[in-house]
Amino acid sequence: MSLGDAAHAIGVSVDTLRRWDRAGKLRTERDQRNHRRVPRSEVERLTARPPRHAAGDGLSARNRFPGVVRSVEVDGLMALVEIEAGPHRVTAAITRDAVEELGLTEGMHATATVKATSVMIERPR
């Protein structure tokens, strides 16, 4: 697959794939023109499912994390859902009703969509 197609299928930017390639997190090949090509097996490994095509394509690729539900912990009215999305783990606090409506269970495919107005980073002392 081309780098652009692979980035779209995984839900990340082309620049992210280039960084992953340099860091050894992604295996790529070079074609006759020396362009990076991403084997379909790498896309499937990073998404834990076949590449996506139409659903949610109107959203920014940077805020979508398709992956596999690794845990669902329901406590009272709230729940924590953890999704393994390639090299990332995303945990969402959602309502019990949302878990039930979506039918979320461990091992199923789901996409975490992140919308944040701010993210704070702290360095250990």
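**Notebook: strands, helix α2, pocket and cavity**

I began at the start of strand β4, where Met 78 stands opposite Thr 95 in β5. The model I am reading is a predicted one. I then followed the pairing of β4 and β5, which is antiparallel and runs over eight bridges. The hairpin these strands form has two residues between them, and I noted that Gly 86 there takes a positive phi near 60 degrees.

**Overall layout.** I counted four helices and six strands in the protein chain. Read from the N terminus, the order of elements is α-α-β-β-α-β-β-β-α-β. The chain has 125 residues, and 33% of them count as buried. I also looked up the contacts between residues at least 6 apart in sequence: 40% of these join residues at least 24 apart.

**Helix α2.** Which residues of α2 are buried? In this helix, residues 14-23, I found Thr 16, Leu 17, Trp 20 and Asp 21 to be buried. Seen down the helix axis they fall within an arc of 140 degrees, so the buried residues line one face of α2. The spacing is in keeping with a general rule: an α-helix has 3.6 residues a turn, so residues three or four places apart point the same way. On the face turned away from the buried side I found the exposed residues Arg 22 and Ala 23. I then asked what covers the buried residues of α2. The cover includes two helices, α1 (3-10) and α3 (40-47), and two strands, β2 (36-37) and β5 (88-95). After α2 comes Gly 24, for which I noted a positive phi, near 85 degrees.

**Arg 37.** I looked up this residue in strand β2. Is Arg 37 buried or partly exposed? Its relative accessible area is 34%, and because buried means under 20% and exposed over 50%, I entered Arg 37 as partly exposed. Ser 2 is 35 residues away from Arg 37 along the chain, yet I read a separation of 5.1 Å between their C-alpha atoms. Setting aside neighbours within four places in sequence, I listed the contacts of Arg 37 as Met 1, Ser 2, Thr 28, Glu 29 and Asp 31.

**Largest pocket.** I noted a volume of about 180 Å³ for the largest pocket. Two or more lining residues come from each of β4 (78-85), β5, α4 (96-102) and β6 (109-113). Which element gives the largest share? I found that it is β6, with four residues. The lining includes Ala 110, Thr 111, Ala 112 and Thr 113, as well as Val 81, Ile 83, Ala 92 and Ile 94. By class I recorded 10 nonpolar, two polar and no charged residues in this lining.

**Largest cavity.** How many cavities of 30 Å³ or more does a search of the whole structure find? I recorded one. The largest cavity holds about 70 Å³ of space. Among its lining residues I noted Trp 20 and Gly 86, along with Arg 64, Phe 65 and Pro 66. Trp 20 is also one of the buried residues of α2. Strand β3 (residues 64-75) gives the most to the cavity lining, with three residues. By class I recorded eight nonpolar, three polar and one charged residues there.

How values were computed: Residues are numbered from 1 along each chain as its sequence is written. This is a predicted model: local features need pLDDT of at least 70, side-chain atom pairs count only at pLDDT 80 or more; totals for chains, interfaces and linings use all residues. Side-chain values use heavy atoms; hydrogens and water are left out. Buried means under 20% relative accessible area, exposed over 50%, partly exposed in between (1.4 Å probe, protein chains only). The arc is that of the directions from the helix axis to the C-beta atoms. Contact means heavy atoms within 4.5 Å. On a 1 Å grid over the protein atoms alone, a cavity is a set of points where a 1.4 Å probe fits but cannot get out, and a pocket is an open set with protein on both sides within 12 Å along at least five of seven lines; lining residues have an atom within 4 Å of a point. Grid points are joined across faces, edges and corners, and a volume is the space filled by probe spheres set on the points. Ala, Val, Leu, Ile, Met, Phe, Trp, Tyr, Cys and Pro count as nonpolar, Asp, Glu, Lys and Arg as charged, and the others, Gly among them, as polar. Two strands pair if DSSP finds at least two bridges between them.
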